[in-house]
Amino acid sequence: MTRIPTNRLSTTALAEAVATELDIPPAAGRAAVQAVFDVIARAVAGGHPVAVTNFGTFLPVEQPARIWRNPQNGAPVNVPAHQDVRFRVSPGLRAMVRAADPASATVRKRPQPVRPAQGDAA
């Protein structure tokens, strides 16, 4: 049975939910969640976007050097060029959130129809 979170989902709670969903020990759920986060972090840090179908895309973004103002005293502050990360939500996830139906929300792809192999009579 899938448990629907009722409050903020921390990494620990996410790992426990994954373990419950997959019917695996909690330690294996933590390891799985941490492995996914590590792979995403390494890819984006290396300058590669990470696209998760029906969920969203993590995008590395190069920020140019610029001068900002310190909000407390108004003094100019030089900010060097640096790499940042953005997250772009997929239209599928956005639609699920707007529908506000957590019981039917899933990012799994729809099953594709089975195609006959080459040479098989249809």
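## Two loop residues with positive phi

At 28% relative accessibility, Asn54 counts as partly exposed, and in this predicted model its place is in the loop that runs between strand S1 (50-52) and S2. Although Asn54 is not a glycine, its phi is positive, at about 65°. Most residues other than glycine have a negative phi.

Asp23 likewise has a positive phi, near 55°, in a residue other than glycine. Asp23 belongs to the loop between helix H1 (11-22) and helix H2 (26-45), and the positive value therefore comes just after H1. With a relative accessibility of 71%, Asp23 counts as exposed because the cut-off for that class is over 50%.

## Helix H1

The helix that precedes Asp23, H1, has twelve residues and reaches 16 Å from its first C-alpha to its last, which is close to the 16 Å expected at 1.5 Å a residue. H1 also contributes to the largest pocket, where it provides the largest share of the lining, six residues.

## The largest pocket

How much space lies in the largest pocket? The volume is about 1,600 Å³, and 33 residues line this pocket, of which Leu9, Leu14, Phe55, Ala105 and Val107 are the closest to its centre. Helices are represented in the lining by H1, H2 and helix H3 (91-99), each of which supplies at least two residues.

By residue class, the lining of the largest pocket divides into 24 nonpolar residues, five polar residues and four charged residues. Phe55, one of the residues closest to the centre of the pocket, is also a member of an aromatic cluster, which it forms with Phe58 and Phe87.

## Aromatic pairs

The structure holds two aromatic pairs. In one of them, the rings of Phe58 and Phe87 have their centres 4.8 Å apart and their planes at 55°, so the pair is classed as tilted. Phe58 lies in strand S2 (residues 56-63) and Phe87 in strand S5 (residues 82-89), so this pair ties together parts of the chain that are 29 residues apart in sequence.

Are these two phenylalanines buried, partly exposed or exposed? Phe58 counts as partly exposed, at 21% relative accessibility, and Phe87 is partly exposed as well, with a relative accessible area of 35%. The cut-off for a buried residue is under 20%, so the value of 21% leaves Phe58 outside that class.

## Buried residues of strand S2

Strand S2 also holds Thr57, which counts as buried at 14% relative accessibility. Leaving aside neighbours within four places in sequence, Thr57 is in contact with Pro49, Val50, Ala51, Arg86, Phe87 and Arg88. One of these contacts, Phe87, is the residue whose ring pairs with that of Phe58.

Gln63 is found in strand S2 too, and it is buried, with a relative accessible area of 14%. When residues up to four places away in sequence are not counted, Gln63 touches Ala81, His82, Asp84 and Arg86. Arg86 is thus listed among the contacts of Gln63 and also among those of Thr57.

How values were computed: Residues are numbered from 1 along each chain as its sequence is written. This is a predicted model: local features need pLDDT of at least 70, side-chain atom pairs count only at pLDDT 80 or more; totals for chains, interfaces and linings use all residues. Side-chain values use heavy atoms; hydrogens and water are left out. Rings of Phe, Tyr and Trp (its six-membered ring) pair if their centres lie within 6.5 Å; planes under 30 degrees apart count as stacked, over 60 as edge-to-face and the rest as tilted. Helices (H or I, at least four residues) and strands (E, at least two) are DSSP runs, numbered from the N terminus. Buried means under 20% relative accessible area, exposed over 50%, partly exposed in between (1.4 Å probe, protein chains only). On a 1 Å grid over the protein atoms alone, a cavity is a set of points where a 1.4 Å probe fits but cannot get out, and a pocket is an open set with protein on both sides within 12 Å along at least five of seven lines; lining residues have an atom within 4 Å of a point. Grid points are joined across faces, edges and corners, and a volume is the space filled by probe spheres set on the points. Ala, Val, Leu, Ile, Met, Phe, Trp, Tyr, Cys and Pro count as nonpolar, Asp, Glu, Lys and Arg as charged, and the others, Gly among them, as polar. Contact means heavy atoms within 4.5 Å. The expected span of a helix is 1.5 Å times one less than its number of residues.
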